[in-house]
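Here are my notes on the model you sent round. Please read them with the structure open.

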Amino acid sequence: FYNVALYLREKYIGSLLIIKDDQKNFTEEQQHTLRKLGDQVGVAMQSVMAVEEINSIQIGSIQALSRSIDAKSQWTAGHSERVAELSELLGNAIGMEEMKLRRLVISALLHDIGKIGISEAILDKPGKLTDMEFSTIKQHPELGYEISRNIPNYEDICDGIRYHHERWNGSGYPMKLKEKDIPEFGRIIAIADVFDALSADRPYRSGMSFNECIQFIDDKKRVDFDAELAEIFIETMKNSNNYLNNPKGGVKL
């Protein structure tokens with residue numbers, strides 16, 4: 001056999017072992033070729049690690065941004081990350097492929113990014129919103145879309161940001177889309193967003209229990225939510241130890 005040591009940034013990371021099934025030694029030419037192969041493997045591994053590092057930085061930046069959005073209101077701390085976790089649970093349950101699932105999580109993390117442009121006085125108002133205040137709140141999906149629509153290679157993350165307040169029966173906003181006209185990311189995040197919002201305390205009400213939240217999602221399927229996705233979500237949540245043991249949420253990515 002021939003051992004080609006692999007180095008990454010001058011640090012030994014392992015060996016490439018080439019085994020022959022005869023007793024002849026490797027020729028100088030073969031050894032030279034194998035060393036070149038080892039160099040290529042090292043370069044490839046460096047590229048993979050660089051991509052992983054970039055991805056880690058990207059997700060970290062997105063999480064920091066989502067936390068800054070949630071921090072605008074004392075009542076929404078951790079909301080975007082919990083919505084991302086719930087969306088990921090549902091995406092996994094329907095068999096979403098890995099790269100699409102990654103984009104779904106990013107979309108969910110940023111679904112409320114448009115609230116950057118909404119006054120804290122409205123977001124934290126303890127009583128009922130006026131019609132004008134509610135109209136202002138309803139602008140946040142479109143504001144979020146305008147902020148995020150030029151992110152390269154992630155065009156579909158805008159679907160969750162723009163359409164997570166659309167409703168199955170067409171009563172939602174901003175586009176009043178109906179049924180399967182609502183993009184999949186929007187239909188998934190709509191369920192996750194409502195579930196987490198209902199389970200959390202607000203200045204004007206206490207959070208619902210796990211079972212009450214589940215019952216609400218069930219009652220609103222075919223009205224607010226895609227029935228197929230809602231049923232899968234309910235079944236997944238009932239089987240989720242994280243939420244059964246901690247019905248107010250708090251699961252971290």
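The points below go from the overall fold to the core, one helix pair and one loop.

1. Status and overall make-up. This is a predicted model. The protein chain has 11 helices and two strands. In sequence order the pattern is β-β-α-α-α-α-α-α-α-α-α-α-α, with both strands ahead of the helices.

2. Burial and contact range. Of the 253 residues in the protein chain, 42% are buried. Taking contacts between residues at least 6 apart in sequence, 60% link residues at least 24 apart.

3. The largest nonpolar core. This core holds 36 residues, and the members that touch the most others are Leu104, Leu110, Ile191, Phe195, Ile217, Phe233 and Met237. Two or more residues each come from helix 1 (28–70), helix 2 (79–93), helix 3 (98–109), helix 7 (157–163), helix 8 (184–199), helix 9 (210–219) and helix 10 (227–238). Helix 8 supplies the largest share, eight residues. In soluble globular proteins, nonpolar side chains tend to be buried together.

4. Phenylalanine 233. Which residues does phenylalanine 233 contact, leaving aside its neighbours within four places in sequence? They are Leu86, Leu90, Ile191, Phe195 and Ile217.

5. Helix 2 against helix 8. The two axes come within 8 Å and cross at roughly 130 degrees. Helix 2 is therefore oblique to helix 8, the angle falling short of the cut-off of over 145 degrees for roughly antiparallel. The crossing is right-handed. On the helix 2 side the contact is made by His79, Arg82, Val83, Leu86, Ser87 and Leu90. Helix 8 meets them with Ile188, Ile189, Ile191, Ala192, Asp193, Phe195, Asp196 and Ala197. By type, the residues of this contact are nine nonpolar, two polar and three charged.

6. The loop between helix 7 and helix 8: the cis bond. Proline 174 lies in this loop. The peptide bond that leads from tyrosine 173 to proline 174 is cis, with omega near 10 degrees. Please look at this bond in the model.

7. The same loop: positive phi values. Lysine 176 also lies between helix 7 and helix 8, and its phi is near 55 degrees, positive in a residue other than glycine. Glutamate 179, found in that loop as well, has phi near 45 degrees, again a positive value in a residue other than glycine.

8. Are these two loop residues buried or exposed? Lysine 176 has 54% relative accessibility, so it counts as exposed. Glutamate 179 has a relative accessible area of 41% and is therefore partly exposed.

Technical notes:
Residues are numbered from 1 along each chain as its sequence is written. This is a predicted model: local features need pLDDT of at least 70, side-chain atom pairs count only at pLDDT 80 or more; totals for chains, interfaces and linings use all residues. Side-chain values use heavy atoms; hydrogens and water are left out. A nonpolar core is a set of buried Ala, Val, Leu, Ile, Met, Phe, Trp, Tyr and Cys residues joined through side-chain atoms within 4.5 Å. Buried means under 20% relative accessible area, exposed over 50%, partly exposed in between (1.4 Å probe, protein chains only). Helices (H or I, at least four residues) and strands (E, at least two) are DSSP runs, numbered from the N terminus. Contact means heavy atoms within 4.5 Å. Axes are lines fitted to C-alpha atoms, for helices over the stretch in contact, and angles run from 0 to 180 degrees between N-to-C directions. Angles under 35 degrees count as roughly parallel, over 145 as roughly antiparallel, 65 to 115 as roughly perpendicular and the rest as oblique. A crossing is left-handed if the near helix is turned anticlockwise from the far one by less than a right angle, and right-handed if clockwise. Ala, Val, Leu, Ile, Met, Phe, Trp, Tyr, Cys and Pro count as nonpolar, Asp, Glu, Lys and Arg as charged, and the others, Gly among them, as polar.
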